[in-house]
Amino acid sequence: MNHASEHTDGRSRRFVFRVFRHTAGADAAPRFDTFDLDVLPGTTVLAALFMIQQQQDASLAFRFSCRGAVCGSCGMTINGRCGLACRTQLWSLPTSEIVLEPLPNLDVIRDLVVDMSPFWEKYRRIRPWLHGRIGDACADSAAQTREQVQSPRQFRRIEQYINCILCACCYGACPALRRQPNYLGPAALAKLQRFVGDNRDHRPAGQVAEVDNADGVWGCDTVFRCIEACPKDVRPTDGIAALRWRLVLYRMRQLVTRPRPLPAPKASQLPQLETMEAPAGKVAHEAP
Ligand code: SF4
Ligand code: SF4
Ligand code: FES
């Protein structure tokens, strides 16, 4: 445990950080380390983590890349709420005691770094790319050689889902995932809606039906935690609701258009073999 220096000027404010520490496979149990820091207004949680790492404990592990709420790397739990460390201003928090923990619903690798593999595996499952008219091979489709036009209105229908940076804050906040680890989760489903709601996507409806189950759209409890957690104002629950409607309509259409089995013909309707005549010029039956 380390302690920062005293106030150096009248403008800074002292914060106490309680940071989750654990190295998978090496530590018997997790612990919390405490660090004090005097920070100026405008300091983010991520900037404070850098200060702790540089001034007090170089072994502290956390992820980051862009520092500007674009890459989605720095998702973590900040005072019990999932969010981006680079986007959370310390002075905007209602308390000077800051508890930092890794995102829930994902295994910890070290300190604030979680194993994102299940998140990415679920994301891959929804085939996150635009599908051309012929299967997945866009290049095979003659339509793909032309410009794929999208009107501003069509763009607005999917805009919020395009803004998703795959930070997994919604994934960490989702209570359904805690109960049901196989659930695809809000981010993957919101991205699926991003693609199937796109007028340029032509994936077969049967492919969307792969999420018509309890691990897919029906796994959601509709408690909106994902919306509260999202730093980019995406509303995954809206996407899940849209997918549910799409699937209900798909199933109804299937019921209406499914070919019905023909009724079995009565014996009297069947042609009798002995009365059948061979077409002219052809032999009806040849002995071997
Ligand atoms: S929906 Fe929001 S919280 Fe979820 S991964 Fe995308 S940006 Fe992050
Ligand atoms: S609304 Fe659904 S996806 Fe979003 S947090 Fe709740 S259960 Fe998870
Ligand atoms: S560092 Fe890229 S989103 Fe925070």
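## Thr43 and its surroundings

Two residues are taken to be in contact if their C-beta atoms, placed from the backbone, lie within 7 Å. By that criterion, and leaving aside neighbours within four places in sequence, Thr43 is in contact with Ala48 and Leu90 in this predicted model. Thr43 sits in the loop that joins strand E2 (31–39) to helix H1 (45–55), and it counts as partly exposed because 19 C-beta neighbours fall inside 10 Å, whereas 20 or more would be needed for a residue to be called buried. The C-alpha atoms of Thr43 and Arg87 are separated by 9.7 Å, although the two residues are 44 residues apart along the chain.

## Helix H1

In helix H1, which follows the loop of Thr43, the buried residues are Val45, Leu46, Ala48, Leu49 and Ile52. They cover an arc of only 160 degrees around the axis, and therefore they lie on the same side of H1. The cover over these buried residues includes strand E1 (13–21), E2, strand E3 (75–78) and strand E5 (97–101).

## Helix H6 and the nonpolar core

Helix H6 (residues 186–196) is largely enclosed by the rest of the structure, because 10 of its 11 residues are buried. Among them are Pro186, Ala187, Leu189 and Val196, but also Lys191, Gln193 and Arg194. The buried residues of H6 pack against helix H2 (117–125), helix H3 (152–162), helix H4 (169–173), helix H7 (205–208), H8 and H9.

The largest nonpolar core has 61 residues, of which Ala48, Ala168, Cys169, Cys170, Ala187 and Leu189 touch the most other members. H6 supplies the largest share of this core, with six residues, and at least three residues are drawn from each of domain 1 (13–114) and domain 2 (117–257). In soluble globular proteins, nonpolar side chains tend to be buried together. Cys169, when residues up to four places away in sequence are not counted, touches Gly75, Cys82, Gly83, Leu84, Ala229, Cys230 and Pro231.

## The shell around ligand 1

Of the 15 residues around ligand 1, those that come nearest are Cys164, Cys167, Cys170, Ala187 and Cys230. The elements that give two or more residues to this shell are H4 and H6, and H6 gives the most, with three residues. By class, the residues of the shell divide into 14 nonpolar, no polar and one charged. Cys170 and Ala187, named here among the nearest residues, are also among the core residues that touch the most other members.

## The shell around ligand 2

Ligand 2 has 14 residues around it, and Cys174, Ala176, Pro186, Cys220 and Cys226 come nearest. Two or more residues of this shell are given by each of helix H5 (175–179), helix H8 (225–229) and helix H9 (236–257). The shell around ligand 2 has 10 nonpolar, two polar and two charged residues. Pro186, one of the nearest residues to ligand 2, is also one of the buried residues of H6.

## Two residues with positive phi

Asn79 has a positive phi of about 50 degrees although it is not a glycine, and its place is in the loop between E3 and strand E4 (81–84). With 16 other C-beta atoms within 10 Å, Asn79 is partly exposed.

Phe224, which is likewise a residue other than glycine, has a positive phi near 65 degrees. The loop between H7 and H8 holds Phe224, and its 15 C-beta neighbours inside 10 Å are the reason that it counts as partly exposed.

Definitions and conventions
Residues are numbered from 1 along each chain as its sequence is written. Chains are lettered from A and ligands numbered from 1 in the order in which they are written. This is a predicted model: local features need pLDDT of at least 70, side-chain atom pairs count only at pLDDT 80 or more; totals for chains, interfaces and linings use all residues. A residue is near a molecule or strand if its C-beta atom, placed from the backbone, lies within 6 Å of it. Helices (H or I, at least four residues) and strands (E, at least two) are DSSP runs, numbered from the N terminus. Ala, Val, Leu, Ile, Met, Phe, Trp, Tyr, Cys and Pro count as nonpolar, Asp, Glu, Lys and Arg as charged, and the others, Gly among them, as polar. A residue is buried if 20 or more other C-beta atoms lie within 10 Å of its own, exposed if 12 or fewer, and partly exposed in between; C-beta atoms are placed from the backbone. A nonpolar core is a set of buried Ala, Val, Leu, Ile, Met, Phe, Trp, Tyr and Cys residues joined through C-beta atoms within 7 Å. Domain bounds come from an automatic or database domain assignment. The arc is that of the directions from the helix axis to the C-beta atoms.
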